[in-house]
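Let's walk through this one together, going from the overall picture down to single residues. Keep the viewer open as you read.

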Amino acid sequence: MKVLVTGATGQLGYDIMKELKSREIPAVGLGSKDCDITDLSAVLHIVEDIQPDAVIHCAGYTAVDKAEEEPDLCYTVNVTGTQNLITACKKTDCRFMFVSSDYVFDGLGDRPWKPDDKRNPQSEYGKSKYLGELAVEKQLEKYFIVRISWVFGINGNNFVKAILKRANSGQTVSVVADQIGSPTYTPDAAKLMADMIQTEAYGTYHITNEGCCSWYEFACRILAESHIDITVHPLTAEEYGAKARRPKNSRLDKSCLTDNGFRLLPRWEDALKRFLKEYHS
């Protein structure tokens with residue numbers, strides 16, 4: 001099997017490439033400088049040249065708040081870019097894995113979202129991911145839609161690094177306490193996605209580490225594990241005042257994994273310890 005990975009320089013794509021190489025699975029990683037996914041001719045050329053058996057599409061516009069100001073660019077990358085890769089995959093008849101988000105749901109209630117629950121995105125970013133999912137569902141048969149949330153890994157910027165940076169610089173740490181979800185450690189997700197892409201168990205999946213917490217609880221645990229003794233101030237989402245509306249309930253039901261023979265990921269607390277060990281080394 002040969003795998004093409006878009007967004008290979010990002011957090012998740014970086015660890016997927018690392019995981020595939022560790023398994024000696026031939027993989028080609030593309031960053032934004034290697035291929036403009038919004039250019040159909042460029043996408044068709046590179047996919048036809050590489051002839052992958054599967055494409056793992058991690059590339060995307062992820063600046064959630066900025067997307068409220070520039071929705072056209074967000075849609076061009078997340079919808080048109082995805083459509084271009086779908087077109088290329090149809091021509092070469094290869095498997096397609098689309099990385100999506102908990103933002104496709106409205107975030108109401110407190111029940112974990114199931115893969116087939118009604119989607120009702122509340123932000124421009126969430127809407128773009130929803131439209132990307134629809135394009136995949138309508139045009140492909142051999143596809144995986146993988147929804148993840150609260151991503152952190154050693155490559156790139158993320159919440160864990162931001163909290164540590166603020167704490168180490170002496171800044172006040174104030175964090176939203178009324179949004180609940182599950183962190184996703186990219187090396188753990190990458191292992192599961194590498195398992196999945198080699199199967200024909202197509203469909204929509206939720207992949208996060210086990211357990212739930214608020215952003216506030218996550219921040220407190222980050223600092224405690226790093227032996228940094230400072231006070232974290234809890235805020236409501238309204239007090240924080242982000243431009244884009246975030247889901248208050250980002251819990252994701254992952255029974256679809258065990259139902260299809262895949263393993264659940266370790267708990268988020270365990271994943272955080274492993275991340276911090278590498279980060280502080």
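**A buried aspartate, a covered strand and two positive phi values**

Start with D15, which is found in helix α1, residues 11-22 (helices are DSSP runs of H or I with at least four residues, strands are E runs of at least two, and both are numbered from the N terminus). A word on ground rules: this is a predicted model, with local features needing pLDDT of at least 70, side-chain atom pairs counting only at pLDDT 80 or more, and totals for chains, interfaces and linings using all residues. Residues are numbered from 1 along each chain as its sequence is written, and side-chain values use heavy atoms, leaving out hydrogens and water.

For the wider frame, the unreviewed UniProt entry carries the annotation "domain: RmlD-like substrate binding" for residues 1-279; such annotations may be inferred rather than shown by experiment, feature names are shortened, and positions follow the numbering used here. Over residues 1-279 the chain is 41% helix and 16% strand, with the end C-alpha atoms 32 Å apart.

Back to D15. What is the nearest side chain of opposite charge to this residue? That would be K18, 4.9 Å away, and D15 is buried yet has no salt bridge. Buried here means under 20% relative accessible area, exposed is over 50%, and partly exposed lies in between (1.4 Å probe, protein chains only). A salt bridge would need a side-chain nitrogen of Lys or Arg within 4 Å of a carboxyl oxygen of Asp or Glu; for charge, Lys and Arg count as positive, Asp and Glu as negative, and His and the chain ends are not counted. What D15 does have is a contact (heavy atoms within 4.5 Å) with each of T186, P187 and A190, leaving aside neighbours within four places in sequence.

Now look at strand β4, residues 95-101: seven of its seven residues are buried, so the strand is largely enclosed by the rest of the structure. In a regular strand, side chains alternate between the two faces of the sheet. In β4 both faces are covered, with R95, M97, V99 and S101 buried on one side and F96, F98 and S100 buried on the other. Strand β3 (residues 54-57) pairs with β4 in the parallel sense over four bridges, where pairing takes at least two DSSP bridges. V55 stands opposite F96 in β4.

Finally, two backbone oddities. W150, not a glycine, has a positive phi of about 50°, and sits in the loop between β5 (143-148) and β6 (151-152). H227 also has a positive phi, near 60°, in the loop between α7 (215-225) and β12 (232-235). Buried or exposed? W150 counts as buried at 10% relative accessibility, whereas H227, at 74%, counts as exposed.
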